[in-house]
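Work through the exercises below with the model open. Try each task before reading its solution.

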Amino acid sequence: MLQLLKHRRITVGRFYHRWISSKSTVMSFGDGSHGALGLPGPIIGMGSDAYEPTPIPGLPPDIITIATGHFHSLAVTSEGHVWGWGRNNEGQLGRHPLSPRETWNEPKRVEGLNKVRVQAAFASGVISAALGDDGSLWVWGSSKRGQLGLGKGITKAALPSKVETFSGEEIVKVSLGWGHALALAKNGNLFGWGYYADGRIGKIGRELEISPLESSQEFSGIEAAEKSVMEAIEKEKDMPIIWEPGSIEELHELKVADVACGLDHSLVLCCDGTLFSGGSNAYGQLGRANKDLGLRPVDIRFRPLAIASGLGHSLAVCNDPSSEETGKTTSVVSWGWNQSSQLGREGPENIPQVVEGLAGETPVSVSGGRAHSLALTAKKEVWAWGSGRNGRLGLGSSVDEAEPMLVEYLEGSEVVQAVAGLDHSLVLVAE
């Protein structure tokens, strides 16, 4: 999602309300096994995969913004209502705990938000969040890692609950990782909470700790790996958790413009153009030689305008170095995990480098999934690359793409948003 324009932050609501005069359609493609596509399937409650962008039935015609969790999806209407569909094992759809599983793939309005007019929604694998037009933050779902931010020991919220810690703050964006969360206030202040290991939310009044589940460890055999995992799970009982949002110490003197959480890492873009990263660096997703825990500057030679994080890779829309003065040309820069070509380029994986396959295009936003990436251009076109499994690229096949490919099915459409879930994708089309 584009949060910056010529180095100035704009609020989530303003960005999406610029085109509300027309109707909209939400389309989905990719893995439908959890119902995250919102499409009917041959098995009740379990949708089929979709290999091309497919309109989602049952949604209101005035959707203004969309969001994807790992296996569920959210949409917000111009009237401030939130709709959800997909996985609901942790209550992330905000439906009654006994709601029939066969209805999870059907978009339904999230109840319990009558006291607020929602302007944007966000999601992780296990919880959902909504921002009110008054800057309030509401959360629901289940997270033993404190991702709800509702207070010590609170791991479940069956209905949307207000995060009272933010009283007096106007929150404009939230990003959610595996068990951690970041929230950006309108005044540029940044807050973090949830799973604290590896410095993925920076330093908040406690010493930084290495995760017992650090995925970069190497083992000589399966038995050794299994033993290590069991030991790590046992250590998780005492894992470092920040139960309520707190101010991040490393950034006290800086104003933040954008945030993006991957599975277990984070990116933080400041208004002066400095990009910070923190958390796991198992795949080189931090993009820096400095191995210190916490939020540290990324080794990037471009000026980032907007950022996104996949499971283990990082993306940024940057000013093209050849047009720094005008700022009219942008490029996508990528680094991190590249097993399925989700970086869209060759070369060193741990060093931020330009995705050359988008030369001649002007990207305005990017989004990353488990092993695929999406870019939206100024021409309202969508480009996709990486893993094609289950059709998550929307190209009509399951073939991996090493370089960005135009999603031709959407040609002629005015796409205003493209977002990637773990294994599925959504696009919002203005009519």
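**Exercise 1. Confidence**

Find where pLDDT stays under 50, and state how many contacts beyond four places in sequence the model has there.

Solution.
- Start at residues 1-19 of this predicted model. Here pLDDT stays under 50. The model has 57 contacts beyond four places in sequence for this stretch.
- Move on to residues 215-220. These also stay under 50 in pLDDT. They come with 9 such contacts.
- Now take the whole protein. The average pLDDT is 88. A score of at least 70 is reached by 85% of the residues.

**Exercise 2. The surroundings of S18**

Decide whether strand S18 (residues 265-270) is enclosed or not, and say why.

Solution.
- Count the buried residues, using under 20% relative accessible area as the cut-off. In S18, 6 of the 6 residues pass.
- Draw the conclusion: S18 is largely enclosed by the rest of the structure, because its residues are buried.
- Split the side chains by direction. His 265, Leu 267 and Leu 269 point one way. Ser 266, Val 268 and Cys 270 point the other way. Both sets are buried.

**Exercise 3. The sheet around S18**

Work out the strand order of the open sheet of 4 strands that holds S18.

Solution.
- Recall the general rule. Strands of a sheet pair through backbone hydrogen bonds, either parallel or antiparallel.
- Take strand S17 (residues 256-261). It runs antiparallel to S18, and 5 bridges join the two. Val 256 stands opposite Cys 270. Ala 260 has Leu 267 as its bridge partner. A hairpin through 3 residues connects S17 to S18.
- Take strand S19 (residues 275-279). S18 and S19 are antiparallel as well, with 5 bridges. Ser 266 faces Gly 278 across this pairing. The hairpin here has 4 residues between the strands. In its turn, Gly 273 has a positive phi of about 95°.
- Put the order together: S17-S18-S19-S20, with antiparallel pairing. The edge strands are S17 and S20 (296-297), each pairing on one side only.

**Exercise 4. A second hairpin**

Describe how strand S21 (residues 303-309) is placed and which strand it joins by 6 bridges.

Solution.
- Check burial. In S21, 6 of the 7 residues are buried, so the strand is largely enclosed by the rest of the structure.
- Find the partner. S21 is joined by 6 bridges to strand S22 (residues 313-319), and the two run antiparallel.
- Pick out a facing pair. Ala 306 stands opposite Val 317.
- Look at the connection. S21 and S22 form a hairpin with 3 residues between them.

**Exercise 5. Aromatic pairs**

Classify the aromatic pair of Phe 166 and Phe 191, and locate both residues along the chain.

Solution.
- Begin with the search. The whole structure has 4 aromatic pairs.
- Read the geometry of Phe 166 and Phe 191. The distance is 5.3 Å centre to centre, with 80° between the planes. Edge-to-face applies to planes over 60 degrees apart. The pair is edge-to-face.
- Locate the residues. Phe 166 sits in the loop between strand S12 (156-162) and strand S13 (171-176). Phe 191 belongs to strand S15 (residues 190-195). They are 25 residues apart, and the pair links distant parts of the chain.
- Check burial. Phe 166 and Phe 191 are both buried.
- Extend the set. Ring pairs join Phe 166, Phe 191 and Trp 193 into a cluster.

Definitions and conventions. Residues numbered from 1 in each chain as written. Heavy atoms only, no water. Buried < 20%, exposed > 50% of the residue type's maximum accessible area, 1.4 Å probe, protein only. Pairing = 2+ DSSP bridges. Phe/Tyr/Trp six-rings, centres within 6.5 Å; stacked < 30°, edge-to-face > 60°. pLDDT = per-residue confidence, 0-100. Contact = heavy atoms within 4.5 Å.
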